Amino acid sequence: MKQRNPTPQNCPCGKTLSYEACCGQYLDQGEMAKTAETLMRSRYTAYVLRREDYLLATWHTTTRPEILALSDHQQNQWLGLTVRLHDAFAPDRAVVEFVARYKQNGKAYRLHERSRFVFEQGRWFYVDGDILTGS
Ligand SMILES: [Zn+2]
């Protein structure tokens, strides 16, 4: 059996770019994601890296939680992200559908969500999402 080794040149969001050239721009260098899909990918990477500050900063104020109990997700081992759909149906509105895979206590799970984003004051924000069941 072939071992699947993690590739250090891949960003956690799954793009074949280094973290610095991909989501690191947004998480560490203050760049603004230009599309909702890019923001969604960077937020996934923020979950992988447990960057609560970034997750809260990119959450729309109307739906943003006070704090993120990321410790509840401490056992989550994020395995990968697949973006299924990116629909920027208005200049300031977009939906992104994705599947994120993770392991918790040795069991594998899939999170299939359709997320809503808005563009305000020159940047995209995550608003909320619907969990989809099935594939
Ligand atoms: Zn990335």
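This passage describes the β-sheet of a predicted model and the surroundings of one loop residue, Asp92.

The sheet is open and consists of four strands arranged in the order β1-β2-β3-β4, with antiparallel pairing. Its edges are formed by β1 and by β4 (123-131), each of which pairs on one side only. Averaged over the sheet and with direction ignored, neighbouring strands are turned by 25 degrees against each other. In general, the strands of a sheet pair through backbone hydrogen bonds, in either a parallel or an antiparallel manner.

Strand β3, spanning residues 107-120, runs antiparallel to β4 and is joined to β4 by eight bridges. Within this pairing, Phe119 has Trp124 of β4 as its bridge partner. Helix α2 (residues 36-48) packs on the sheet and touches β1, β2, β3 and β4. The direction of helix α2 makes about 160 degrees with that of β1.

Asp92 is located in the loop that lies between β1 (77-90) and β2 (93-104). This residue is classed as exposed because 10 other C-beta atoms lie within 10 Å of its own, and a residue with 12 or fewer such atoms counts as exposed. When residues up to four places away in sequence are left out, Asp92 touches Val118, Phe119 and Glu120. For Asp92 and Phe119, a separation of 27 residues in sequence is accompanied by a C-alpha to C-alpha distance of 4.4 Å. Phe119 is thus both a contact of the loop residue Asp92 and the bridge partner of Trp124 in β4.

Notes:
Residues are numbered from 1 along each chain as its sequence is written. This is a predicted model: local features need pLDDT of at least 70, side-chain atom pairs count only at pLDDT 80 or more; totals for chains, interfaces and linings use all residues. Helices (H or I, at least four residues) and strands (E, at least two) are DSSP runs, numbered from the N terminus. A residue is buried if 20 or more other C-beta atoms lie within 10 Å of its own, exposed if 12 or fewer, and partly exposed in between; C-beta atoms are placed from the backbone. Two residues are in contact if their C-beta atoms, placed from the backbone, lie within 7 Å. Two strands pair if DSSP finds at least two bridges between them. Axes are lines fitted to C-alpha atoms, for helices over the stretch in contact, and angles run from 0 to 180 degrees between N-to-C directions.
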